[in-house]
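Please work through the exercises below with the sequence and the structure open beside you. Each task is followed by a solution that proceeds in steps.

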Amino acid sequence: MKLKILLFIVCITVYFPSITNAAEYYLVDNLASENHESVLKYQAIELNEIYNNLLELSGVDATLIYSTDSDINAYATGLGKEKVIVIYDGLLAKLENDRDAVAAVLGHELAHHKLDHIRKGNRNKKGMTIVGAILGAAVGAKIGHKSGDLAGSIGNDVVNVGAGLVALKFSRTQEMKADKLSMAWMIEAGYNPKGMLRLQNMLGAMKTNKKKGSILSTHPTSKERYKAAEKIIVKAELSTEKLDKHMQPLVSKESQERLNASKYTPKSNDFLSDPKALCSYFASLGMKAQFQWGPAPQGDAYMCQYADEFGSSDAFVRGARVSIDPKSMNVSVGLSIQGFSLVRAEAVDILKEYSNAMYSIHNQSMPNTYLEAMTSKESITIEENGDAFSTYDSKNWDSQRVVGVSWIRQATDNQLTTLTESVSKEESIQRANVLSKLENRCLLAVEKSGTSENISEFKMTSQLLSASRYLVSLENQNNSYTCQVCDDTDPNVNCGTMGLMLSYNDKEGNQISLPAELDRKCEFYLQKSVSRLSNSFIDHGLVKRIKTHEILNDKRYVYTHELGGHSYRCVIRKKDMSFKLERAISDGQWQGVSAGVML
């Protein structure tokens with residue numbers, strides 16, 4: 001289900017007296033966690049990262065909202081007691097190649113809240129633009145982390161009629177103060193403050209354009225603002241390297257490549273004809289790779305396997321597996337639904353929709369024989385035709401709550417002969433780089449384990465367990481270690497947790513667990529406790545914002561964390577590795593957040 005907030009906009013303004021077309025408004029948090037892949041999703045991910053970096057420095061609690069409006073605008077406003085920042089699609093399109101200018105916009109709007117310009121502006125509404133009245137109902141908006149007016153207006157089935165998003169017209173003095181504060185945050189967060197100069201140039205050029213954006217009505221520009229920004233840059237005495245840094249697009253090259261890779265365009269109506277390409281289809285649904293296409297960790301088959309990430313609140317998880325097995329000479333596709341809180345009929349209905357979607361993308365309709373077979377409580381063969389057959393499987397429902405359907409047929413000679421070419425040179429290089437990074441993490445963990453090993457003497461062997469998850473064995477003349485590690489920095493891989501697992505094999509053959517990457521594990525439990533995302537184990541955008549420091553202690557491992565203006569600490573007992581995560585609530589007072597045992 002799409003996580004979107006639908007607001008029907010009526011524009012009542014001295015600047016724009018006519019009624020505008022309806023626009024859609026989304027929580028950027030929700031857009032960033034959409035299940036389907038799109039440019040908008042990746043824009044939202046990048047917007048969130050920039051916004052959260054600046055938000056933490058500002059100390060402001062404000063919600064970022066994206067509007068589909070093609071007008072060029074952004075503004076800070078209030079919705080009852082809630083602070084809101086709205087950014088229009090038209091402005092993002094204008095700044096899509098300038099990440100630093102986007103940071104300048106977001107920092108500027110946050111500064112209006114920080115400097116209390118909104119409340120002051122509401123005292124005198126002569127310059128006010130009523131941008132919208134919320135007249136529609138929210139559709140699937142998961143904003144349980146919000147309360148008060150914002151949740152009351154856009155989080156319920158029936159919203160409060162008349163709650164309005166209001167853009168105020170600010171004075172040049174207020175604009176310059178907001179620019180100054182925005183640039184201070186930009187510099188501290190590592191963005192190029194020249195983005196503010198480029199933003200001012202864009203606004204200045206718009207003044208002579210016949211199709212002016214409404215941003216000029218609420219954000220008066222001037223040469224003074226540009227010159228003031230220049231003085232701030234000179235005073236900051238930044239390095240030439242930072243100031244001469246090339247403009248970066250809002251959606252990074254890596255994200256764009258990932259998006260392109262996830263697009264699936266069928267070459268034929270037969271979804272068994274190109275198994276490797278079909279893997280991209282499951283990625284395009286927002287599913288995470290458990291195995292990327294390539295040789296299986298065990299056996300000769302080539303395969304990919306994908307699944308949804310899930311949290312305790314989710315009702316079901318989709319799974320998919322595609323493979324070619326040279327031994328059996330079969331090519332197969334399997335789909336599954338694991339329904340944790342569903343009755344069998346509900347899980348089967350979801351499986352029908354899931355299966356039919358795959359037929360639809362290949363311009364087909366799912367045969368009625370499949371629909372009929374899925375009503376059975378037994379595992380049965382649905383169709384059999386020569387060297388091809390399909391099955392419906394429900395034998396694991398009672399024990400694992402899983403139902404599935406699969407399509408199998410004999411692989412063609414062409415499919416079998418091209419297997420060795422299925423992994424491109426670029427993919428091989430990328431995997432080698434990931435493995436090298438993960439092996440270095442294992443070596444560093446051994447070095448920090450307190451066993452006084454010389455890591456340069458180790459011989460390493462690595463076995464692929466799943467997508468970007470490896471079992472690394474490290475041996476020297478006297479000792480051996482086992483390290484299980486996953487690339488938990490990659491949002492496209494389902495690691496499920498953060499931090500590697502390290503063990504030591506003693507002379508008696510016993511395997512003894514060693515503490516390793518406890519800082520990452522503490523960060524995992526912290527993000528899990530405060531994340532706004534309910535459908536993901538790891539909120540990667542949030543993890544990037546956590547600042548962690550280690551405190552030396554003889555009896556405990558202690559880490560402090562700073563996140564969103566709040567202080568946390570993670571305390572782990574060395575005796576039994578039990579931990580507690582706490583948040584500072586006052587001087588010297590801590591409140592429990594979570595507890596357990598570090599694995």
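**Exercise 1: the nonpolar cores**

In this predicted model, the largest nonpolar core has 49 residues, and of these Ile87, Leu106 and Leu110 touch the most other members. Find the element that gives this core its largest share, and then trace the contacts of Leu110.

Solution. Begin with the elements that contribute to this core: the largest share, eight residues, comes from helix H4. Next take Leu110 and set aside its neighbours within four places in sequence, which leaves contacts with Tyr51, Leu54, Leu55, Ser58, Val60, Ala62, Ile85 and Trp185. Finally, look apart from this core, where another core of 41 residues lies, with Cys279, Ile324, Val333 and Met366 among its members. As background, nonpolar side chains in soluble globular proteins tend to be buried together.

**Exercise 2: the sheet of four strands**

Establish the strand order of the four-stranded sheet, and describe the helices that pack on it.

Solution. The four strands form an open sheet in the order S1-S2-S4-S3, with mixed pairing. Its edges are strand S1 (25-27) and strand S3 (74-79), each of which pairs on one side only, and the twist averages 30° from one strand to the next. Within the sheet, strand S2 (residues 62-67) and strand S4 (residues 82-88) pair in the parallel sense over six bridges, and the bridge partner of Tyr66 in S4 is Ile87, a residue already met among those that touch the most other members of the largest core. Helix H2 (residues 39-58) lies across S2 and S4 and runs at about 155° to S2. Helix H4 (residues 99-114) also packs on the sheet, where it touches S2, S3 and S4, and its direction makes about 155° with that of S4.

**Exercise 3: the sheet of seven strands**

Which strands form the edges of the seven-stranded sheet, and which strands does helix H14 touch?

Solution. Write down the order, S7-S8-S9-S10-S13-S12-S11, for this open sheet with antiparallel pairing. The edge strands are strand S7 (288-295) and strand S11 (380-385), each pairing on one side only, while the twist averages 10° from one strand to the next. At one edge, S7 and strand S8 (residues 302-307) pair in the antiparallel sense over five bridges, and Gly294 stands opposite Met303 in S8. Helix H14 (residues 344-361) packs on the sheet and touches strand S9 (316-325), strand S10 (330-339), strand S12 (388-393) and strand S13 (402-410), with its direction at about 145° to that of S10.

**Exercise 4: two positive phi values**

Locate Arg401 and Glu517 in the chain, and decide for each whether the residue is buried or partly exposed.

Solution. Most residues other than glycine have a negative phi. Arg401 nevertheless has a positive phi, near 60°, and its place is in the loop between helix H16 (397-400) and S13. Partly exposed residues fall between the 20% and 50% limits of relative accessible area, so Arg401, at 28% relative accessibility, counts as partly exposed. Glu517 likewise has a positive phi, near 50°, and sits in the loop between strand S18 (511-514) and helix H19 (518-530). Its relative accessible area is 17%, and Glu517 is therefore buried.

**Exercise 5: the whole chain**

How many helices and strands does the protein chain have, and what percentage of its residues is buried?

Solution. The count gives 20 helices and 23 strands, and buried residues make up 49% of the 599 residues.

Conventions
Residues numbered from 1 in each chain as written. Predicted model: local features only at pLDDT ≥ 70, side-chain atom pairs only at ≥ 80, totals over all residues. Heavy atoms only, no water. Pairing = 2+ DSSP bridges. Helix = DSSP H or I, 4+ residues; strand = E, 2+ residues; numbered from the N terminus. Axes fitted to C-alpha atoms, helices over the stretch in contact; angles between N-to-C directions. Contact = heavy atoms within 4.5 Å. Core = buried A, V, L, I, M, F, W, Y, C linked by side-chain atoms within 4.5 Å. Buried < 20%, exposed > 50% of the residue type's maximum accessible area, 1.4 Å probe, protein only.
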